[in-house]
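Here is a short report on one protein model. It takes the main pocket, then two single residues, then one helix.

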Amino acid sequence: MKKYKLIIFDLDGTLLDSLEGIGAAMNAVLAGHGLPGHTKEEYRYFVGNGLKKLAERALPAEVFASEGIHPYYEELVKAYEIYYKEGLGLYPGIAGLLDRLTAAGYLLAVNSNKIEHMTKKIAADYLAGWSWTAVCGATEQLPIKPSPAGAQKIMAMAGVTSAETLYIGDSEVDMATAKNAGVDSAFVSWGFRRLADLEKAGAEMTYIIDRPEQLTALLAREPAGQ
């Protein structure tokens with residue numbers, strides 16, 4: 001009997017490399033207002049808390065202070081639907097990992113801070129080869145991560161306990177989400193944040209994964225649940 005029954009994945013920076021499209025969308029909004037854009041490396045630290053927070057971080061402080069976020073956020077939502085496919089794709093090894101997890105009988109789910117209709121759209125385009133217990137994005141009714149609400153909703157849908165759930169992500173937001181939900185966590189080092197960033201932020205994690213195949217090996221070593 002496996003210790004874990006449900007594996008919840010973050011989407012951006014964990015399953016999919018989406019940074020280029022996110023940056024392109026925000027830079028298009030900024031350029032439309034005559035404001036300077038940002039590099040891909042800068043966007044690495046702007047993402048993780050949803051598009052609204054991304055827009056806040058990308059705007060010059062004086063613009064945000066004087067005009068607020070609303071018009072820029074609304075433009076970003078529309079721009080992202082145009083630019084999201086730029087550079088978008090599964091990280092190397094993810095397809096094989098999902099194949100192995102599916103074959104081993106794990107339930108799989110996605111919990112993202114991306115707007116829900118885009119989360120589902122991207123999942124339909126890039127993750128349709130696997131069965132998902134739930135694909136949850138940001139909605140007005142569901143608080144975004146690090147709130148545990150999304151993870152708790154998914155566990156309820158899957159009919160599993162927190163002890164039977166493993167949360168996988170690439171940021172301090174994901175690790176905090178797992179902690180708040182009372183589940184074990186695995187940080188993946190191939191995503192948007194670096195291990196040093198999480199350590200600096202004081203993030204707590206159960207496991208550190210450097211390559212997708214390491215997760216399969218880790219799960220095979222885990223003692224059975226009681």
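## The largest pocket

The largest pocket holds about 220 Å³ of space. This is a predicted model: local features need pLDDT of at least 70, side-chain atom pairs count only at pLDDT 80 or more, and totals for chains, interfaces and linings use all residues. Residues are numbered from 1 along each chain as its sequence is written, and side-chain values use heavy atoms, with hydrogens and water left out.

A pocket here is an open set of points on a 1 Å grid over the protein atoms alone, where a 1.4 Å probe fits, with protein on both sides within 12 Å along at least five of seven lines; lining residues have an atom within 4 Å of a point. Its volume is the space filled by probe spheres set on the points, which are joined across faces, edges and corners.

The lining of the largest pocket includes Asn49, Tyr73, Asn113 and Glu140. Helix H3 (51–58) gives the largest share, three residues. H3 and S4 each supply at least two. By class, the lining has five nonpolar, four polar and three charged residues. Helices (H or I, at least four residues) and strands (E, at least two) are DSSP runs, numbered from the N terminus.

## Two residues compared

Contact means heavy atoms within 4.5 Å. Buried means under 20% relative accessible area, exposed over 50%, and partly exposed in between (1.4 Å probe, protein chains only). Contacts below leave out residues up to four places away in sequence.

| Residue | Location | Relative accessibility | Contacts |
|---|---|---|---|
| Ser18 | loop between strand S2 (16–17) and helix H1 (19–32) | 0%, buried | Asp12, Leu88, Phe192 |
| Thr102 | helix H6 (residues 94–103) | 38%, partly exposed | Leu108, Trp130 |

Both side chains have a polar partner. A polar contact is a pair of N or O atoms within 3.5 Å; within protein, one must be able to donate a hydrogen and the other to accept it, and residues adjacent in sequence count only if both atoms are side-chain atoms. The Ser18 side chain pairs with that of Asp12 at 2.3 Å. A polar side-chain atom of Thr102 lies 2.8 Å from the backbone oxygen of Leu98.

## Helix H8 and the loop before it

Pro146 sits in the loop between S5 and H8. The peptide bond joining Lys145 and Pro146 is cis, with omega about 15 degrees. In H8 (residues 149–158), the buried residues include Ala149, Ile154, Met155 and Ala158. Their cover includes strand S1 (6–9), strand S6 (165–169) and helix H9 (172–181). Gly159 follows H8, with a positive phi near 70 degrees.

Note on methods: Ala, Val, Leu, Ile, Met, Phe, Trp, Tyr, Cys and Pro count as nonpolar, Asp, Glu, Lys and Arg as charged, and the others, Gly among them, as polar.
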